[in-house]
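Work through these exercises with the coordinates open. Each task is followed by a stepwise solution.

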Amino acid sequence: MKASLALLQDMMRDNVGRTEATYEHLVDCSARAANVEATEQVLGHMKSDGIRETPRVWLSLLRLYSKAHDQRSLSVIWDTMLGQDVQPGPLAWALMMAGQVNYADGRAIFEEMLSGGVQAKPKHFQALLRAAACGGNVDDAERLFCKMKDGTWVDDFVHVIPAVATAKEGTVLPRQPMPVRTELCNALLSVYSRKGLTISVKRFFKEREADDGFEANNITYTFVVEAYAAALRDQPKAKQRLKGEMELFVLRAQSQGIVSCRRLYTAVMQCYGHLGDVSAARALRDVAHVHGVHESTVFLRNFALVFQNAGVPPRPSELDRRDPNTRAGGTAGSNSGYIMSGVSLQ
């Protein structure tokens, strides 16, 4: 993202022409990096060059504010887009839904989409579940997921469909189950993750074993571990049980070859932070370096939490960010066969 801004500055300095495609790329880069300030800078330069927003730019802006659940900015973008006679496509509707702060608001957007004759697709349900996760609406999310699986979700929304649309069966609301894809399952897991519902997580995995369309990936296990991190924070009396369950899920991820997901390492470090487990945290950090995982600010914050809850000071410079390529100051070489389990690394 910074490189994109530097490229724009170089182009302006050298008086190199900027086209719609140039700005589409730059806005997309800054939006995917969730950098609002950089995105606004690029938009300012684009307007100075007399170039209007294109459909791709609108999508990038919706993606930016959807990630942040910034409903106010989303509404401004949406209204401006419609004011320029830009009709939203299926992806735009999904981003708008996903950016809402609760299930009710997401559902209102979903109904508006259906009333306009747009066909509901799995990504729209994924977006609804994301809105439910933001609002902690567990019951709504589970109900939607179950009705989506058996196809009865149609009954909840048929009242908003224009008569001309429902006349052709399958045009807008196909009365058939939605495929249980990994992305949809991950969206439901994100709801459990926010609330620390580890019992629901375990039940979820047991039920998904029968679904052909589900295959756990790095995002799946990240949400699982984040759920355990929330549970460890809120249920101190169950720490040892929760730690054991969390590490079993981590070993399960390792068995699938998931060894270099930074967000997953960060979630595990958060668990060790709530536990105050210094030895496990140090071993985890070393193994992260072996797999080339660069440390984020959140990762280091969770690492610092370990020492805070353990009541012991860190070693000199231990909280400094380290380059994984150096593998400095650790014993990770002997543990390179493991992903991150504190039990296995001892």
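## Exercise 1: two helices in contact

V278, A281, R282 and R285 in α17 meet F299, L300, F303, V306, F307 and A310 in α18. The model is a predicted one.

**Task.** Classify the residues of this contact, then find how α17 is oriented relative to α18.

**Solution.**
1. Sort by class. The α17–α18 contact holds 8 nonpolar and 2 charged residues, and no polar ones.
2. Locate the helices. Helix α17 covers residues 278-290, and helix α18 covers residues 297-310.
3. Take the geometry. Their axes lie 9 Å apart, at an angle of about 160°.
4. Apply the cut-off. Angles over 145 degrees count as roughly antiparallel, so α17 is roughly antiparallel to α18.
5. Add the hand. α17 and α18 cross in a left-handed sense.

## Exercise 2: another partner for α18

**Task.** Are α16 and α18 roughly parallel or roughly antiparallel? Give the residues in contact and their classes.

**Solution.**
1. Start with the axes. Helix α16 (residues 262-275) packs on α18 at about 15°, with 7 Å between the axes.
2. Compare with the threshold. Angles under 35 degrees count as roughly parallel, and α16 and α18 are therefore roughly parallel.
3. Check the hand. The crossing of α16 and α18 is left-handed.
4. List the residues. α16 contributes Y265, T266, M269, Q270, Y272, G273 and H274. From α18 come V298, F299, N302, F303, L305, V306 and N309.
5. Sort by class. The α16–α18 contact has 8 nonpolar and 6 polar residues, with no charged ones.

## Exercise 3: positive phi outside glycine

**Task.** Where do H69 and S317 lie, and is each buried or exposed?

**Solution.**
1. Recall the background. Most residues other than glycine have a negative phi.
2. Read the angles. Phi of H69 is near 50°. For S317, phi is about 65°. Both values are positive, and neither residue is a glycine.
3. Place H69. This residue sits in the loop between α4 (55-67) and α5 (71-83).
4. Place S317. This residue sits in the loop between α18 and α19 (342-345).
5. Judge exposure. Buried means under 20% relative accessible area, and exposed means over 50%. H69 has 16% relative accessibility, so H69 is buried. S317 has a relative accessible area of 53%, so S317 is exposed.

## Exercise 4: two buried helix residues

**Task.** Find the helices that hold T198 and K147. Then name what each residue touches, leaving out residues up to four places away in sequence.

**Solution.**
1. Take T198. Helix α13 (residues 198-208) contains T198. Its relative accessibility is 4%, so T198 counts as buried.
2. List its contacts beyond four places in sequence. T198 touches A227, Y228, A231 and L242.
3. Add a backbone distance. T198 and V225 are 27 residues apart along the chain, and their C-alpha atoms are 9.1 Å apart.
4. Take K147. Helix α9 (residues 138-150) contains K147. At 16% relative accessibility, K147 also counts as buried.
5. List its contacts under the same exclusion. K147 touches T152, W153 and D156.

## Exercise 5: the chain as a whole

**Task.** How many helices and strands does the protein chain have, and what percentage of its residues is buried?

**Solution.**
1. Count the elements. The chain has 19 helices and 0 strands.
2. Take the buried share. Of the 346 residues, 51% are buried.
3. Look at the surface. The accessible surface is about 16,400 Å², and carbon and sulfur atoms supply 50% of that area.
4. Check contact range. Among contacts with a separation of 6 or more, 69% join residues 24 or more positions apart.

Definitions and conventions
Residues numbered from 1 in each chain as written. Predicted model: local features only at pLDDT ≥ 70, side-chain atom pairs only at ≥ 80, totals over all residues. Heavy atoms only, no water. Helix = DSSP H or I, 4+ residues; strand = E, 2+ residues; numbered from the N terminus. Buried < 20%, exposed > 50% of the residue type's maximum accessible area, 1.4 Å probe, protein only. Contact = heavy atoms within 4.5 Å. Areas by Shrake-Rupley, 256 points an atom, 1.4 Å probe, with all protein chains shown as cover. Axes fitted to C-alpha atoms, helices over the stretch in contact; angles between N-to-C directions. Parallel < 35°, antiparallel > 145°, perpendicular 65-115°, else oblique. Left-handed = near helix turned anticlockwise from the far one by under 90°. Nonpolar A, V, L, I, M, F, W, Y, C, P; charged D, E, K, R; others polar.
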